[in-house]
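Biologist: I am new to this structure and should be grateful for a close look at one part of it. Please describe the chosen residues and their surroundings, and explain each term as it arises.

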Amino acid sequence: MKFSLTEEQLMIREMAARFAEHEVAREAGGLDEAELFDRRSFDEMAQLGFTALPWPEEDGGAGGGFLSFVLVLEELSRVSASLGAALWAHVFLSAWPLHRFGSLELKRHYLRRLIEGISIGTGVLPGAVDPGTTLRIGVSAQLQSSQGDGVQEECYVLNGQQKYILGGTTADFFIIYAVTGESARGRRKRYSAFIIEKDSPGLLIQPVTKKLGLRSAGMAHLKFQDCRVPKRQRIGRDGQGGAIACRSAAGVRYGLAAVAAGITQGAADAALGYAKARSQFGKPIAKHQAVAWMLADMRTAADASKLLVYQAAWQEDRGLTGDGEGWEAALALSFAADAAMTSTIHAVQVYGGYGYMKEYPVERYMRDAKAVQIFKGLDLSPKLPQPKGRGSGGRERGGRHG
């Protein structure tokens with residue numbers, strides 16, 4: 001089977017690579033150390049059209065599709081996983097559910113600003129939509145005066161806490177899933193999805209600092225204390241939040257896998273450059289067999305991760321991800337996250353003692369890879385579908401995957 005990127009996709013990747021190397025790379029280490037978000041680079045990305053890239057032109061997007069978008073994520077994450085992860089959250093945790101399920105009013109008011117990059121969005125990971133971790137919500141049918149103008153409208157009252165929101169300190173909007181009731185038999189929680197502005201009364205944003213990885217991605221806890229959210233800011237129907245989270249899971253998975261693939265490529269590039277320049281016993285260490293094997297493994301891991309990501313994004317562009325339980329997206333994240341962790345450890349080993357120092361980027365790559373691997377472990381894929389034609393015997397029978 002012949003596989004290749006289009007000329008337009010190659011141009012997009014080249015543009016993203018130049019931007020990453022010339023504008024992002026020089027500040028990435030310092031921003032990581034200071035735990036500061038690179039808003040300047042994010043704004044420049046928006047001007048280049050990266051935030052608009054995957055969305056249809058009729059919605060104000062660039063019409064490039066998600067395969068083109070993951071190319072951008074890879075190139076950004078190759079030099080700054082924090083910035084790549086922030087763009088990932090902006091598109092997949094915020095704009096995606098709003099684009100697919102938001103009302104026309106919500107799209108006019110919020111989506112265009114997200115697509116143009118005027119505002120930054122983020123949200124809750126689909127795997128966090130679980131009774132043990134989500135915040136709980138007050139009953140909805142409470143009337144209140146809207147902004148003191150005498151107009152009455154129904155509001156939801158949110159109480160609780162949602163932890164570890166990537167981009168929480170920098171976002172203007174949040175997509176939150178909250179418990180709004182129970183099923184008819186009371187066996188399962190019913191969730192609803194909401195878009196909430198950062199300055200909403202009753203919302204307290206608590207920055208999370210002193211992290212191991214993704215230090216400049218602006219993580220925060222969100223605490224809700226009688227936070228009133230108008231009914232018109234609900235995304236989809238009441239109780240549809242679980243379905244929305246499920247449908248968004250495929251993009252969340254392969255998008256995060258693209259970030260991991262970028263980290264792996266960045267580590268492989270850095271290790272190869274160092275191994276060619278560093279000599280020992282009369283020849284570059286790249287020519288020593290043990291080091292050469294590690295370099296080969298890193299290159300293999302990067303290429304394999306990218307191909308899995310491309311396959312999943314290609315399916316998204318063609319509407320083949322179905323209900324969100326995409327097998328290919330889950331495989332991409334499972335492989336790419338672990339490959340990034342293994343490859344960055346190899347990169348530090350190639351650098352030797354220098355790899356342990358903050359003067360060089362590979363220790364940052366290793367810390368960022370661990371953060372992505374932890375995100376992978378948040379049960380984003382509770383059940384991977386069985387491939388068609390596979391038997392049910394042996395250990396797979398009745399097993400749990402992911």
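**Arginine 78, an aromatic pair and a helix contact**

Modeller: Arginine 78 belongs to helix α3, which covers residues 65-79. Helices here are DSSP runs of H or I with at least four residues, strands are runs of E with at least two, and both are numbered from the N terminus. The model is a predicted one, in which local features need pLDDT of at least 70 and side-chain atom pairs count only at pLDDT 80 or more, while totals for chains, interfaces and linings use all residues. Residues are numbered from 1 along each chain as its sequence is written, and side-chain values use heavy atoms, with hydrogens and water left out.

With a relative accessibility of 13%, arginine 78 counts as buried; that term means under 20% relative accessible area, with exposed meaning over 50% and partly exposed the range in between (1.4 Å probe, protein chains only). Neighbours within four places in sequence aside, arginine 78 is in contact with Ala17, Glu21, Gly262, Gln265, Gly266, Asp269 and Tyr365, where contact means heavy atoms within 4.5 Å.

The aromatic residues come next. The structure holds 14 aromatic pairs. Rings of Phe, Tyr and Trp (its six-membered ring) pair if their centres lie within 6.5 Å; planes under 30 degrees apart are stacked, those over 60 edge-to-face and the rest tilted. In one pair, phenylalanine 92 and tyrosine 254 have ring centres 5.5 Å apart and planes at 80 degrees, so the pair is edge-to-face. Because phenylalanine 92 lies in helix α4 (residues 81-101) and tyrosine 254 in helix α6 (residues 241-277), this pair ties together parts that are 162 residues apart in sequence. Phenylalanine 92 is buried at a relative accessible area of 1%, and tyrosine 254 is also buried, at 0%. Both rings belong to a cluster, linked by ring pairs, of Trp55, Phe66, Phe69, Phe92 and Tyr254.

Helix α6 also packs on helix α8 (residues 327-351), at an angle of about 20 degrees and with axes 8 Å apart. The axes are lines fitted to C-alpha atoms over the stretch in contact, and angles run from 0 to 180 degrees between N-to-C directions. Helix α6 is therefore roughly parallel to α8, since angles under 35 degrees count as roughly parallel, over 145 as roughly antiparallel, 65 to 115 as roughly perpendicular and the rest as oblique. The residues of this contact divide into 22 nonpolar, 3 polar and 1 charged. Ala, Val, Leu, Ile, Met, Phe, Trp, Tyr, Cys and Pro count as nonpolar, Asp, Glu, Lys and Arg as charged, and the others, Gly among them, as polar.
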